Amino acid sequence: MDMTRRDTKTIQIGDRVIGGKNPILIQSMTNTKTEDVAATVAQIQRLTAAGCDIIRCAVPTMEAAKALAEIKKQITIPLVADIHFDYRLAIAAMENGADKIRINPGNIGSGERVKAVVDVAKERKIPIRIGVNSGSLEKDLVEKYHGVTAEGIVESALDKVHMVENMGYDNLVISIKSSDVLMCVKAHELIADKTPYPLHVGITEAGTLTRGNIKSAVGLGMILGQGIGDTIRVSLTGDPLEEIKSAKLILKTLGIRKGGIEVVSCPTCGRTQINLIELANQVESLVEEFPLDIKVAVMGCVVNGPGEAKEADLGVAGGIKEGLIIKHGEVYKKVPEDQLLSALRYELEHWS
């Protein structure tokens with residue numbers, strides 16, 4: 001895979017910048033009612049603490065659009081308004097402080113209505129994310145390509161981009177998504193050479209935690225691994241916090257983002273001396289508290305730890321009647337099994 005980043009147009013979203021080989025930013029979307037300011041702000045603050053760089057809120061009503069003003073006052077990351085069908089909501093969202101809007105010009109209505117939105121965006125210098133999903137592909141393109149295809153998705157997106165460009169605006173981000181992983185990958189490969197605009201990448205409607213994570217990891221890995229993509233979202237049916245965890249791990253696994261503790265653990269076997277599954281989950285939760293760029297191994301016996309955990313900076317393993325703390329592949333100290341987690345915490349707190 002070619003990991004050289006594509007050099008795309010630089011777009012300012014609030015106080016963040018995407019494109020132009022800037023760092024790939026992580027996005028998520030609230031699942032609260034946007035009209036409920038307190039609940040929405042609380043969720044955004046949790047997502048921000050977890051590592052979310054840009055947040056999107058659904059704006060299905062005028063009340064939701066007006067709520068953005070108060071939400072914006074209480075958060076520290078850029079706010080994107082997600083608009084469908086009603087152009088007036090897009091205008092109201094921008095008037096109430098949205099840092100970016102997401103629209104599909106194809107479902108906003110007439111050209112005059114799209115231009116009304118574009119004119120306000122131009123006046124306020126607010127970027128527009130043009131989003132096209134495979135599920136909303138126009139009938140003529142379905143007929144032209146004999147079904148929903150990557151080529152059809154790309155043509156649909158570029159048609160919308162050209163429509164907005166012809167209205168005199170090019171402060172744009174493109175999003176083309178499908179729940180079909182290989183179709184989504186192909187669409188990104190096709191569009192990357194046809195447009196200078198930054199791409200927001202994700203596998204839409206990926207599914208529940210297990211299925212959605214696997215589909216997103218495969219799809220995003222294939223796309224990002226070719227240097228395509230400027231901002232990402234892992235779309236999961238569940239707590240948005242899980243989207244942030246997954247996105248960070250995908251970027252770290254690809255070597256795109258540094259920082260954060262990497263946890264490796266063995267798959268368990270008949271030699272396992274401790275409740276490794278429980279311990280590994282506890283360690284994964286524990287390390288989120290520490291901004292260290294190290295590798296921590298969780299091993300079930302003395303074969304894997306310290307033996308196969310030599311690449312790790314720090315590790316825990318089950319011994320024959322006791323637990324082991326390992327540093328750089330060597331047993332550093334022995335502790336009672338029920339103190340392994342607290343011993344690991346101590347080492348992380350005093351790591352240098």
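Between which two elements is the loop that holds asparagine 171? In this predicted model, asparagine 171 sits in the loop that links α7 (150-165) and β8 (172-177).

Asparagine 171 counts as buried, because its relative accessibility of 16% falls under the 20% cut-off that is used for that term. Its side chain makes a polar contact with the side chain of tyrosine 169, at 3.2 Å. When neighbours within four places in sequence are left aside, the residues in contact with asparagine 171 are Ile11, Lys125, Ile126, Pro127 and Ile128.

One of these contacts, Ile128, leads into the strand pairing, since isoleucine 128 in β7 is the bridge partner of isoleucine 101. Strand β6 (residues 100-103), to which isoleucine 101 belongs, has Lys100 and Arg102 pointing one way and Ile101 and Ile103 pointing the other way, and all of these residues are buried.

The pairings of β6 are set out below.

| Strand paired with β6 | Sense | Bridges | Bridge partner of isoleucine 101 |
|---|---|---|---|
| β5 (residues 79-82) | parallel | 3 bridges | alanine 81 |
| β7 (residues 128-133) | parallel | 3 bridges | isoleucine 128 |

Isoleucine 101 is thus the bridge partner of alanine 81 and is also paired with isoleucine 128. Between β5 and β6 the chain passes through helix α3 (residues 87-95), and this β-α-β crossover is right-handed.

Key: Residues are numbered from 1 along each chain as its sequence is written. This is a predicted model: local features need pLDDT of at least 70, side-chain atom pairs count only at pLDDT 80 or more; totals for chains, interfaces and linings use all residues. Side-chain values use heavy atoms; hydrogens and water are left out. Helices (H or I, at least four residues) and strands (E, at least two) are DSSP runs, numbered from the N terminus. Buried means under 20% relative accessible area, exposed over 50%, partly exposed in between (1.4 Å probe, protein chains only). A polar contact is a pair of N or O atoms within 3.5 Å; within protein, one must be able to donate a hydrogen and the other to accept it, and residues adjacent in sequence count only if both atoms are side-chain atoms. Contact means heavy atoms within 4.5 Å. Two strands pair if DSSP finds at least two bridges between them. A crossover is right-handed if, with the strands pointing away from the viewer, the path from the first strand over the helix to the second runs clockwise.
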